[in-house]
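The exercises below go through one protein structure, each with a worked solution. Look at the sequence and the model before starting.

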Amino acid sequence: MSAWTAHVLTLFPEMFPGSLGHSLAGKALEQGLWALETVDIREFAGDKHRTVDDTPFGGGPGMVMRPDVVDEALAVVDGGDAPVIYLTPRGEPLGQQLVQNLAMGSGVVLLCGRYEGIDQRVIDLRTPREVSIGDFVLSGGEPAALALIDACVRLLPSVLGSERSLEEESFADGLLEYPHYTRPAEWRGQAVPEVLLSGHHERIRAWRTEQAEQLTKERRPDLWSRRAGKND
Ligand code: 4HQ
């Protein structure tokens, strides 16, 4: 039985592990609790100049990644039953539910595009799952891949803190996090909410739930209205 593995196809393999080599994810990577395999798409260029892109048919700005090169790169990846995911603003929005599902599987095969994107024909042929990390435009799929992997890895069993993550994590519950406080108990004239110093665990739990609900109603009415059956 092998570790959860992120296969990343990219023109910039040097961007990995990047932030995933640090902190929680980095320690877990060193311990073999998950694995990272990058594939340099440029290795699959057919010419001596190692060309991976070309001008768009029909004109317009920028360059498009060639379908033949991307297809050859996809062909060498053995991700087993791991889903192939193309990071694109056109994709289904990444949410905590999808993250949980991906973390429970054997891993992911992530296709990162650069320039204006990838020739549509290889997308149509390979039919990757298309996933977006948000309604904004990155210069490449790599930061989106890093974000997706980060969100998955922190949920892996035996990665530090993963026990609490599925249980009391408010986002898994469709709520924003309640506010956090630490020492000093008073700072620049601002006291920590008194209930948190009270030692009344039941009152603390109730206060945090109230805060999380209030924040969600105010800031994310979209999340609040989708919280099936739990609303007033
Ligand atoms: N991209 N969520 C790759 C993104 C993006 C996003 C822009 C992906 C450019 C080539 N990916 N193309 N948002 O902005 O996933």
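A polar contact is a pair of N or O atoms within 3.5 Å, where one must be able to donate a hydrogen and the other to accept it. The model used here is predicted.

**Exercise 1. Describe the surroundings of serine 162.**

Solution.
Step 1. Place the residue: serine 162 belongs to helix H6, which covers residues 162-167.
Step 2. Check its polar atoms: a polar atom of the serine 162 side chain lies 3.0 Å from the backbone oxygen of leucine 156.
Step 3. List its contacts: apart from neighbours within four places in sequence, serine 162 is in contact with Arg154, Leu155, Leu156 and Pro157.
Step 4. Classify it: serine 162 has 7% relative accessibility, so it counts as buried, the limit for buried being under 20%.

**Exercise 2. Is aspartate 54 buried, partly exposed or exposed, and which residues does it touch?**

Solution.
Step 1. Aspartate 54 is part of strand E3, residues 53-54.
Step 2. Its relative accessibility is 39%, and therefore aspartate 54 counts as partly exposed.
Step 3. With residues up to four places away in sequence set aside, aspartate 54 touches Met63, Val64 and Arg66.
Step 4. The side chains of aspartate 54 and threonine 55 make a polar contact at 3.4 Å.
Step 5. For a distance across the model, take alanine 6: it is 48 residues from aspartate 54 along the chain, and their C-alpha atoms are separated by 28 Å.

**Exercise 3. Locate serine 19 and classify its exposure.**

Solution.
Step 1. Serine 19 sits in the loop that runs between strand E1 (4-10) and helix H1 (23-30).
Step 2. Its relative accessible area is 48%, so serine 19 is partly exposed; a residue counts as exposed over 50%.
Step 3. Histidine 7 is twelve residues from serine 19 in sequence, and the two C-alpha atoms are 16 Å apart.

**Exercise 4. Compare the length of helix H7 with the expected span, then find what its buried residues pack against.**

Solution.
Step 1. H7 covers residues 201-219, which makes 19 residues.
Step 2. The expected span is 1.5 Å times one less than the number of residues.
Step 3. H7 should therefore span 27 Å, and this agrees with the 27 Å between its end C-alpha atoms.
Step 4. The buried residues of H7 are Ile204, Trp207, Ala212, Glu213, Leu215 and Thr216.
Step 5. These buried residues pack against H8.

**Exercise 5. What is the volume of the largest pocket, and which elements line it?**

Solution.
Step 1. The largest pocket holds about 670 Å³ of space.
Step 2. It has 24 lining residues, and Leu94, Gly95, Gln96, Phe171 and Leu223 are the closest to its centre.
Step 3. Two or more lining residues come from each of strand E5 (84-93), helix H3 (96-104), helix H5 (142-153) and helix H8 (221-225).
Step 4. H3 gives the most, with four residues.
Step 5. By class, the lining of the largest pocket has eleven nonpolar, eight polar and five charged residues.

**Exercise 6. Repeat the analysis for the second largest pocket.**

Solution.
Step 1. The volume of the second largest pocket is about 500 Å³.
Step 2. Its lining is made of 27 residues, with Tyr86, Thr88, Pro89, Glu116 and Gly117 nearest the centre.
Step 3. At least two lining residues come from each of E5, helix H4 (120-126) and strand E7 (129-132).
Step 4. E5 has the largest share of this lining, at five residues.
Step 5. The lining of the second largest pocket divides into 13 nonpolar, nine polar and five charged residues.

Terms used. Residues are numbered from 1 along each chain as its sequence is written. This is a predicted model: local features need pLDDT of at least 70, side-chain atom pairs count only at pLDDT 80 or more; totals for chains, interfaces and linings use all residues. Side-chain values use heavy atoms; hydrogens and water are left out. On a 1 Å grid over the protein atoms alone, a cavity is a set of points where a 1.4 Å probe fits but cannot get out, and a pocket is an open set with protein on both sides within 12 Å along at least five of seven lines; lining residues have an atom within 4 Å of a point. Grid points are joined across faces, edges and corners, and a volume is the space filled by probe spheres set on the points. Ala, Val, Leu, Ile, Met, Phe, Trp, Tyr, Cys and Pro count as nonpolar, Asp, Glu, Lys and Arg as charged, and the others, Gly among them, as polar. Buried means under 20% relative accessible area, exposed over 50%, partly exposed in between (1.4 Å probe, protein chains only). Contact means heavy atoms within 4.5 Å.
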